[in-house]
Each structure stands twice: as C-alpha cells, then as structure tokens.
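Biologist: I would like to understand how the parts of this protein chain are arranged. May we work through the structure step by step?

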Amino acid sequence: MLKTEVRDNILLVALNRPDKRNAINDEAILAIENIFSTIPEGVKCAVIYGEGKHFSAGLDLSELTERDAVQGVYHSRMWHRALDKVQFGVVPVVAVLHGACIGGGLELASACHIRVAETSTFYALPEGQRGIFVGGGASVRVPKLIGMARMTDMMLTGRVYTADEGLQIGLSQYLADNGGGLTKALELAHKIASNAGMTNFALTHVLPRIADAGQDAGLMLESLMAAIAQDAPEAKLRLREFLEGRSKKVGE
C-alpha cells in the first residue's frame, strides 16, 4: 500500500498501488496518518511520491460504500485528520508529482509544503462531474494555491491543467523532466533538512496561521515567532558564522 525508506535524514514515502493508479482507499489514508504521526527520530524532511505511471488518481471509487450524511462527515474528517498530519507534522514534506494528480491525489499534494511536478503531470478535480464534492481538504487548501475562481472552474467544467500550466498558477513550485522529479525533490529535501529546526517549524506551523489571521493578529504572531527564532542558540550561531564570513552569502 505504502512503502517507506530513510536515506540519511530524509524519509521517503511511496504510494504503492500502481495497478490502481495509486488511488487512495481508507487503508492508504490511515497508513498516511500513521506514517506522518510517527516520523523516525533524526528525520528532518519527508518526500512523498507515487510508484508507476501516476502520483495518484484520487479516491478509490471502487471501494466507495453507500453512507448516510453522518457517516460521510466522519469519512471526510478522517481525511482531514490524516492530511493535517502531513501539513502540520514534525517535518516539512516535498511531493513528487507525475501523471495523474487528481481528486484526492491533489488533496494530498496540496497538504505538502513543496511540490515538484514532472512534465507528465496533469491536475483535475472531477468530483463535480461525478455528482459529489471534495471531502479531503481541497476546498481549503487548493484555493490558497490557485485562487477560488480557478478551483471553481475546475469543478464546474472539469478543466484539466497540464504540468506547465500548474507551475504557472501555483499547483507546483518546480518542474522537472519525466523521471527527474525524485532527484530534484531529494535535492530540495536536503536543503530543507539543513535549515534550523525552529525556522522549519515557523514556516510549516506558524506561517499558515499568520496567513489565515487578520492583519493585527498576523503581525503579532510574526513578531512573537521572530523573537523566539532569533533567541534560539542555533540562530545565534548561524548569525555569528555569517558575520565572521564562515557561511555562504546569497548567490554564492
């Protein structure tokens, strides 16, 4: 269902249902929750990718059972709980996208902090054509990446975005050649892992709350986080190394 491997201080997580285009069923989403709730000690960043030709074709509709409204809410909340562990876990997460990144697959990708898309990637939210609505967090996370109007268009019309288009509108931050996504993701993961832990915490846990807050509350959160971060011993050491010329300057 999912495969994991630790390389140095990077955790690799592979969706491993290539015969199902890595469609996500309940077992898989619970496995994602468990993996990102129990990150091994020493891991500083995680990379999630899909085996086979696709990242993920979304919710496994073949296992979709008839639910009443209450059961449907609980099922949706299970996805929310699991993907919150990705977004607000103990390490930043880089996603490698290729082939289909649709429906629940896009919901998973949007919970990650960095997305590297190979040129084969395509994005869609086909729930609108299937008479259903997103339930794994897309209505919250995807508009923050591309805007509400674009998500509305995707669901109303079934619009499909290519990898190039996805890069332009914010579905990914990086574009890689087919087969090169994991290499690029590992390069980024090692850079992320070299950051101060407090900085990575601030970016993955505090920055989203600042963005959701009103201006006054957001600026206060920023001030508090800046003060906490600069008071950390690691920050003081890194600043001293920079001032003494023992660390690289931007662009070097």
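Modeller: Let us begin with a definition: two strands pair if DSSP finds at least two bridges between them. Please bear in mind that this is a predicted model.

Biologist: In which sense do β5 and strand β7 pair?

Modeller: Strands of a sheet pair through backbone hydrogen bonds, either parallel or antiparallel. Three bridges join β5 to strand β7, which covers residues 122-124. One bridge partner of a β5 residue can be named: Ala100 is matched with Phe122 in β7. The sense of the pairing between β5 and β7 is parallel.

Biologist: Which are the edge strands of the open sheet?

Modeller: Three strands form this open sheet with mixed pairing, in the order β5-β7-β8. An edge strand pairs on one side only. The edge strands are therefore β5 (100-102) and β8 (161-162).

Biologist: At about what angle to β5 does helix α3 run?

Modeller: Helix α3 comprises residues 104-111 and lies across both β5 and β7. Its angle to β5 is about 85°.

Biologist: Is Asn22 buried or exposed?

Modeller: Asn22 is located in the loop between β2 (10-15) and α1 (26-37). Its contacts with residues more than four places away in sequence include Leu15, Gly50, His54 and Phe55. A polar atom of its side chain also lies 2.7 Å from the backbone nitrogen of Arg17. Because its relative accessible area is 1%, and the cut-off is under 20%, Asn22 is classed as buried.

Biologist: Which residue forms a salt bridge with Lys3?

Modeller: Side chains of opposite charge can pair when their charged atoms come close. For Lys3 and its partner, the closest N and O atoms are 2.9 Å apart. The pair links distant parts of the chain, 48 residues apart: Lys3 is in strand β1, and the partner is in the loop between β3 and α2. That partner is Glu51.

Biologist: Arg81 and Glu33 also meet in a salt bridge; which helix holds Glu33?

Modeller: The N to O distance in this salt bridge is 2.6 Å. Arg81 is partly exposed at 40% relative accessible area, whereas Glu33 is buried at 13%. The two residues are 48 residues apart, with Arg81 in helix α2 and Glu33 in helix α1.

Biologist: By about how much of a helix are Lys191 and Glu187 separated?

Modeller: The side chains of Lys191 and Glu187 form a salt bridge of 3.7 Å, N to O, and both residues belong to a salt-bridge network with Lys184. Because Lys191 and Glu187 are four residues apart in helix α7, their separation is about one helical turn.

Notes. Residues are numbered from 1 along each chain as its sequence is written. This is a predicted model: local features need pLDDT of at least 70, side-chain atom pairs count only at pLDDT 80 or more; totals for chains, interfaces and linings use all residues. Side-chain values use heavy atoms; hydrogens and water are left out. Contact means heavy atoms within 4.5 Å. Axes are lines fitted to C-alpha atoms, for helices over the stretch in contact, and angles run from 0 to 180 degrees between N-to-C directions. Buried means under 20% relative accessible area, exposed over 50%, partly exposed in between (1.4 Å probe, protein chains only). A polar contact is a pair of N or O atoms within 3.5 Å; within protein, one must be able to donate a hydrogen and the other to accept it, and residues adjacent in sequence count only if both atoms are side-chain atoms. A salt bridge is a side-chain nitrogen of Lys or Arg within 4 Å of a carboxyl oxygen of Asp or Glu.
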